[in-house]
Amino acid sequence: MRMRGRIDARWLDAALLGGMAGVFLVNALVALLQPEDFTGLVARSAMGRAVPAMSGTWMAVAIGINDLLLGLALGTSIWFTRLRTHVLAWAGIWLLAVTVIKLSSLHAFGG
C-alpha cells in the first residue's frame, strides 16, 4: 500500500544531485572569472604555506577543471545511476579537502 502524499525518493535524489551539480558548476565559473578567490585561499591555507608550489594561477585552473567535471558528473548521475556511487565519493573527498583548506586558511587558525 502506497501512502498518499509521500515523496518518491528519486525526486529527492535528483534534487540533491542537481543542487550539488549547480554548486560545482558555479564554482567552476568563479574559478574562471575570479581566480584570485581560489589562489588566495589556497595560499593562506596550511597546505599552501607548507607547499609553496600549491600557490599560483595553475591552482585556480585545476580547481575550475575539477569542479566543472564534477558538476557535469553529478548532473549526469541523476540519470546514470551506475556512476552515482563513484561520483558521490569523488564529491565527498573533494569537499573534505576544501573543508581542510578553508579551515586552515582562517586567520583564527593561523591562516
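So, a nonpolar patch here means nonpolar side chains joined within 5 Å, built from residues with over 30% relative accessible area and no salt bridge. Keep that in mind, and keep in mind too that what we're looking at is a predicted model.

Okay, the patch itself. Which residues make it? Leu-25, Val-61, Ile-65, Leu-68, Leu-69, Leu-72 and Trp-90, together giving a nonpolar surface of about 590 Å². Helix H4 is the top contributor, with 5 residues.

Let me walk you through a few of those members. Leu-25 sits in helix H1. Its relative accessibility is 33%, so it counts as partly exposed, and because a patch takes residues with over 30%, Leu-25 clears that bar. Then there's Leu-68, over in helix H4. That one comes out at 40% relative accessibility, so partly exposed again. If you measure C-alpha to C-alpha, Leu-68 is 8.4 Å from Val-26, although the two are 42 residues apart in sequence.

And Trp-90? You'll find that tryptophan in helix H5. Its relative accessible area is 31%, so Trp-90 is partly exposed, and that value is over the 30% a patch member needs. Trp-90 also has Ala-73 at 9.8 Å, C-alpha to C-alpha, with their positions 17 residues apart in sequence.

Right, let's move on to the pocket. How much space lies in the largest pocket? About 340 Å³. There are 18 residues lining that pocket, and the ones closest to its centre are Asn-27, Phe-38, Leu-41, Ile-63 and Val-98. Four helices each give two or more residues to the lining: H1, which runs 9-33, H2 at 35-44, H4 at 57-76, and H5 at 84-105. Out of those, H5 gives the most, with 6 residues.

What is the lining made of, in terms of residue type? Mostly nonpolar residues: 14 of them, against 1 polar and 3 charged.

Now for the charged pairs. Here's the bit of background: side chains of opposite charge can pair when their charged atoms come close. How many salt bridges turn up in a search of the whole structure? There are 2.

Take Asp-8 with Arg-10, where the closest N and O atoms are 2.5 Å apart. The partners aren't equally open to the outside, if you look at the numbers. Asp-8 has a relative accessible area of 23%, so it is partly exposed, while Arg-10 reaches 62% and therefore counts as exposed.

The other pair is Asp-13 and Arg-84, with closest N and O atoms 3.3 Å apart. This pair links distant parts of the chain, since Asp-13 is in helix H1 and Arg-84 is in helix H5, 71 residues apart. So, is each partner buried or exposed? Asp-13 is partly exposed, at 35% relative accessible area. Arg-84 is at 16%, and because the cut-off for buried is under 20%, that arginine counts as buried.

Before I stop, two more places where separate stretches of the chain meet up. Ala-14 lies in helix H1, and with a relative accessible area of 24% that alanine is partly exposed. Look across to Trp-79: the C-alpha atoms of Ala-14 and Trp-79 are 8.6 Å apart in space, with the residues 65 apart in sequence.

Then Arg-44, which belongs to helix H2. At 36% relative accessibility, Arg-44 is another partly exposed residue. Its C-alpha is 7.9 Å from that of Leu-106, and in sequence those two are 62 residues apart.

So, to recap: a nonpolar patch of about 590 Å² to which H4 gives the most, a largest pocket of about 340 Å³ with H5 giving the most to its lining, and 2 salt bridges. That's my lot, happy to spin the model round if anyone wants to see something again.

Note on methods:
Residues numbered from 1 in each chain as written. Predicted model: local features only at pLDDT ≥ 70, side-chain atom pairs only at ≥ 80, totals over all residues. Heavy atoms only, no water. 1 Å grid on protein atoms, 1.4 Å probe; cavity = no way out; pocket = protein on both sides within 12 Å on 5 of 7 lines; lining within 4 Å. Points joined across faces, edges and corners; volume = space filled by probe spheres on them. Nonpolar A, V, L, I, M, F, W, Y, C, P; charged D, E, K, R; others polar. Patch = residues over 30% accessible without salt bridge, like charges linked within 9 Å, V, L, I, M, F, W, Y side chains within 5 Å. Areas by Shrake-Rupley, 256 points an atom, 1.4 Å probe, with all protein chains shown as cover. Salt bridge = Lys/Arg side-chain N within 4 Å of Asp/Glu carboxyl O. Buried < 20%, exposed > 50% of the residue type's maximum accessible area, 1.4 Å probe, protein only.
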